[in-house]
Amino acid sequence: MNDSCLEPDIGEQIVQGVEPVSRLPYGVSRYYAGLAQSDDPRADPIAAQFVPTENELIVLPYESSDPIGDTRYLVTDRLVHHYPDRALLLVSDRCATYCRHCFRRHFTGHGGGRITEEQLEAACAYLRRTPAIQELLLSGGDPLMLSDQDLQWVIEKLLAVNDGYIIRVCTRMPVVLPTRVTEELARMLGSHDGIWMVIHANHPRELTESFQEAMRLLVHAGVPVLNQAVLLRGINDDTDTMEALLRGLIHARVKPYYLFQGDLAAGTSHFRVPMENGIQLMQELRRRLSGIALPTYAVDLPGGAGKVPIESSIIRIEKEAYVLRGADGREYRYPRES
Ligand SMILES: *Cc1c(COP(=O)(O)O)cnc(C)c1O
């Protein structure tokens, strides 16, 4: 790997310092907009996730368009290699709905488009010389913005490097446009051993009949499905709502995997929940719910130190910060906001 690999196109799209929030486009599927019962983001937990508000213009000094440090770990244009045995491939910058709490604002919706043949080849070349990688995450943007054919092309190229890869398709499509999950797509994904899907549902009202049908197709085709939720203020930070979400997911045979503390993404402070509230929420959920319904409450430590489970990593709470133990054993701070 030469140094030029570390200065790919998407790095150049980062604006240092305060980033205008308008850089994350507005976009919503008709289906998802139809789930909102009001178009007022202050009154409706669905609208709040896709309607931009002036709160996004508030950018705090420690916020960034790349809060988890993806760009530090870019090894080719589209490949993020942060953890030794896993790598994340950015296959599209587009989404069917742009989440207002998006943490990958340095890439999402910036016009990068579908991964090109050259970019995929560069990623494969890196993978060929990095045998420690055993698992690949397809992300973006949303990988299901690709056609079935293009997605199959990406998967087959990757499996040609190592047919033992676990491949995670990280997508919000079953939530924002569930009809994208067709029988053909489910069959294609299920035909390769080792393909998992990780979805992103945040509210029980997202678990519609159409969503459940998409989950049925995937599970019947042999694709395990996990959910990653984000703890969002006023949307799912009360115990009853979160309980309904988690119960709904396991009824759809989706295993709740992570509940994320909000990342320090530019213009998202209005969504963040104090960590002690998150910890309290988890304690209450543990009293109410079975183990298969419980996610791990986790945070991506600011600046690229990686993901840790909060409840077992928190060391102490200071006046202005939560202090957590990183995977490397060092202490990291996450701001304590009022
Ligand atoms: C979150 C993430 C992963 C996967 O982490 P898990 O804890 O295994 O879910 C892999 N690569 C990157 C860059 C990530 O941000």
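The ligand is surrounded by Ile68, Val80, His82, Tyr83, Arg86, Leu88, Leu137, Arg168, Tyr257, Tyr258 and Lys307. The structure is a predicted model. The ligand occupies the largest pocket, and the shell around the ligand comprises seven nonpolar, one polar and three charged residues.

**Polar contacts and coverage of the ligand**
- In the side chain of Arg86, an N or O atom lies 2.6 Å from an oxygen atom of the ligand.
- Tyr257 places a polar side-chain atom 2.6 Å from a ligand oxygen atom.
- For Tyr258, a polar side-chain atom is likewise 2.6 Å from an oxygen atom of the ligand.
- Of the 380 Å² of accessible area that the ligand has on its own, 92% is covered by the protein.

**Secondary structure around the ligand**
- At least two residues of the shell come from each of strand S2 (79-83), strand S3 (86-92) and strand S8 (255-260).
- Strand S2 makes the greatest contribution to the shell, supplying three residues.

**Pro295**
- Pro295 belongs to the loop that links helix H10 (275-288) and strand S9 (296-301).
- Pro295 is classed as buried because its relative accessibility is 7%, below the cut-off of 20%.
- Between Pro295 and Ser29 there is a separation of 266 residues in sequence, and their C-alpha atoms are 27 Å apart in space.

Technical notes:
Residues numbered from 1 in each chain as written. Predicted model: local features only at pLDDT ≥ 70, side-chain atom pairs only at ≥ 80, totals over all residues. Heavy atoms only, no water. Near = heavy atom within 4 Å. Polar contact = N/O pair within 3.5 Å; in protein donor to acceptor, adjacent residues only side chain to side chain. Areas by Shrake-Rupley, 256 points an atom, 1.4 Å probe, with all protein chains shown as cover. 1 Å grid on protein atoms, 1.4 Å probe; cavity = no way out; pocket = protein on both sides within 12 Å on 5 of 7 lines; lining within 4 Å. Sits in = over half its atoms within 2 Å of the grid points. Helix = DSSP H or I, 4+ residues; strand = E, 2+ residues; numbered from the N terminus. Nonpolar A, V, L, I, M, F, W, Y, C, P; charged D, E, K, R; others polar. Buried < 20%, exposed > 50% of the residue type's maximum accessible area, 1.4 Å probe, protein only.
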